[in-house]
Amino acid sequence: MCIVEFQKRGLPHAHILIWLSEGAKLRTGSDIDKIISVELSDPTLYPSLSNVVSNFMLHGPCGLANKSSPCMKVRRCKKFFPKDYEDATRIDEDGYPKYERRQTRITISKKWVNLDNIYVMPYNPQLLMRYQTHINVEYCNKSNAIKYLFKYVNKGPDRVSIEISNHGKDTNEDEVVDEIKQYYDYRYLSPCEAVWRIFQFYIHDKWPPIHRLAFHLPNEQSITFRDYERIDRVVERSETLDTMFLAWFEANKKYPAGRNLTYAKFPQMFVYDHDARLWKLRKQGFAIGRLTYIPLGCGEIFYMRLFLTIQKGCTSFNDVKTFHGQLFETFRDACYALGLLADDKEFIDAIKESSKLGSGHQLRRLFATLLFMCTMSIPDLVWNVTWRLLADGILHERRRRLQIPGF
Ligand SMILES: [Zn+2]
């Protein structure tokens with residue numbers, strides 16, 4: 001996925017996340033070395049590469065050599081430069097990469113300071129040679145870091161609020177405080193970004209496409225209508241229309257090919273036609289389906305969602321509620337019978353599922369809410385299974401506050 005952002009002076013830059021397929025994953029230090037380098041190249045052997053690296057990929061000088069560098073915060077570089085020397089690339093005990101930075105005699109002089117490998121930012125030589133600009137390439141293989149990467153690349157534009165007034169200090173007493181105005185949320189748009197948007201250049205992109213799959217309880221589908229429409233006409237019209245979910249039942253009656261798929265897997269083989277309100281066999285491409293998120297505490301529909309993750313080829317609501325030939329009264333009963341709710345399992349599952357998207361802070365709030373609601377029968381049990389997920393981000397946050405190097 002890719003997001004284009006603009007810096008304050010207007011230069012565009014892109015954040016790009018690339019997932020490698022199973023066979024192409026970088027598993028060892030030497031695999032990483034083939035893609036990423038953090039060393040200065042020999043200027044006699046590779047003069048052009050050496051030139052781009054020194055122009056675009058050097059950090060500093062900062063630290064003791066230049067205490068007034070903008071990256072310095074409380075006598076330390078915010079980005080922890082200069083780094084330590086490393087004999088070979090390795091993945092440390094926390095799963096973060098330590099790139100090979102050998103102590104060599106190659107240095108580059110900047111602001112009268114000789115910088116060597118410990119000041120180089122990770123780069124890919126081919127990309128740098130081709131594009132002749134700053135391109136920072138990093139390796140990440142921690143599944144729980146992915147949501148933070150997403151948060152980082154989607155952090156949104158810079159915001160500023162500027163007010164120009166001709167009030168002097170003496171006139172402030174009569175000034176009316178406009179609280180609504182103080183809450184305005186402004187967006188700063190540089191001329192470069194304005195042009196970028198006028199020309200409709202890509203601002204973000206992602207692959208594969210993801211379809212959000214809607215579902216509902218019997219007769220509880222949402223309906224859109226104009227405020228001037230007569231309600232009986234709206235009901236009459238909507239009764240005969242299939243929703244995406246009802247169309248799934250119909251598709252299962254029609255196509256045997258879909259009967260081995262859960263609702264979430266359905267978009268891999270079928271495409272939903274919004275106008276015709278039906279699912280058609282997919283002729284090309286690929287897509288991932290995701291069931292709409294339902295918070296714990298919504299009752300039956302939450303349990304229905306749990307059940308939809310295992311049911312295949314359903315042709316009616318009763319079909320969704322039937323398991324091994326037994327038709328259950330409610331989705332909650334069905335989930336109980338299947339052991340999906342024993343020992344507070346629904347709470348554990350809800351926390352585990354939220355941990356894939358939510359930050360540690362959000363998860364801790366969720367756990368606190370569950371405690372308040374008194375819905376868990378054995379909170380200690382839920383805590384013992386999920387505390388590692390709930391503690392997510394605490395170490396990172398402490399490291400950041402105490403300025404201890406680490407990711
Ligand atoms: Zn620095």
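Exposed, for a residue, means over 50% relative accessible area, while buried means under 20% and partly exposed lies in between. With that in hand, here are some close-up views of this predicted model.

**View 1. A nonpolar patch on the surface, with Ile-198 as one of its members.** At 64% relative accessibility, Ile-198 passes the 50% cut-off, so this residue counts as exposed. You can find Ile-198 in helix 6, which covers residues 191-198. Together with Val-195, Phe-199 and Phe-201, Ile-198 makes a nonpolar surface patch of about 430 Å².

**View 2. The second largest pocket, with a volume of about 420 Å³.** Look towards the centre of this pocket and you will meet Gln-221, Ser-222, Thr-243, Met-244 and Arg-277, the closest of the 17 lining residues. Two elements each give two or more residues to the lining: helix 7 (231-239) and helix 8 (244-254). Sorted by class, the lining of the second largest pocket holds seven nonpolar, seven polar and three charged residues.

**View 3. Glu-86 and Arg-90, joined by a salt bridge.** The closest N and O atoms of this pair are 3.3 Å apart. Is Glu-86 buried or exposed? With a relative accessible area of 13%, Glu-86 falls under the 20% cut-off and is therefore buried. Its partner Arg-90 has 36% relative accessibility, so Arg-90 counts as partly exposed.

**View 4. Asp-273 and Lys-280, meeting through their side chains.** Here the salt bridge spans 2.9 Å from N to O. Asp-273 counts as partly exposed because its relative accessibility is 21%, and Lys-280 is partly exposed too, with a relative accessible area of 39%.

**View 5. A salt bridge within helix 12, between Asp-349 and Lys-345.** Helix 12 runs over residues 345-355, and the two partners sit four residues apart in it, about one turn of the helix. Their closest N and O atoms are 3.2 Å apart. How exposed are the two partners? Asp-349 has a relative accessible area of 24% and is partly exposed; Lys-345, at 32%, is partly exposed as well.

**View 6. A network of salt bridges around Glu-39, Glu-100 and Arg-102.** In this view, salt bridges that share partners join these three residues into one network. How many salt bridges are there in the whole count? The count comes to 13 salt bridges.

Methods
Residues are numbered from 1 along each chain as its sequence is written. This is a predicted model: local features need pLDDT of at least 70, side-chain atom pairs count only at pLDDT 80 or more; totals for chains, interfaces and linings use all residues. Side-chain values use heavy atoms; hydrogens and water are left out. On a 1 Å grid over the protein atoms alone, a cavity is a set of points where a 1.4 Å probe fits but cannot get out, and a pocket is an open set with protein on both sides within 12 Å along at least five of seven lines; lining residues have an atom within 4 Å of a point. Grid points are joined across faces, edges and corners, and a volume is the space filled by probe spheres set on the points. Ala, Val, Leu, Ile, Met, Phe, Trp, Tyr, Cys and Pro count as nonpolar, Asp, Glu, Lys and Arg as charged, and the others, Gly among them, as polar. Patches are made of residues with over 30% relative accessible area and no salt bridge: like charges are joined within 9 Å, nonpolar side chains (Val, Leu, Ile, Met, Phe, Trp, Tyr) within 5 Å. Accessible areas come from the Shrake-Rupley method with a 1.4 Å probe; for residues, only the protein chains shown count as cover. A salt bridge is a side-chain nitrogen of Lys or Arg within 4 Å of a carboxyl oxygen of Asp or Glu. Buried means under 20% relative accessible area, exposed over 50%, partly exposed in between (1.4 Å probe, protein chains only).
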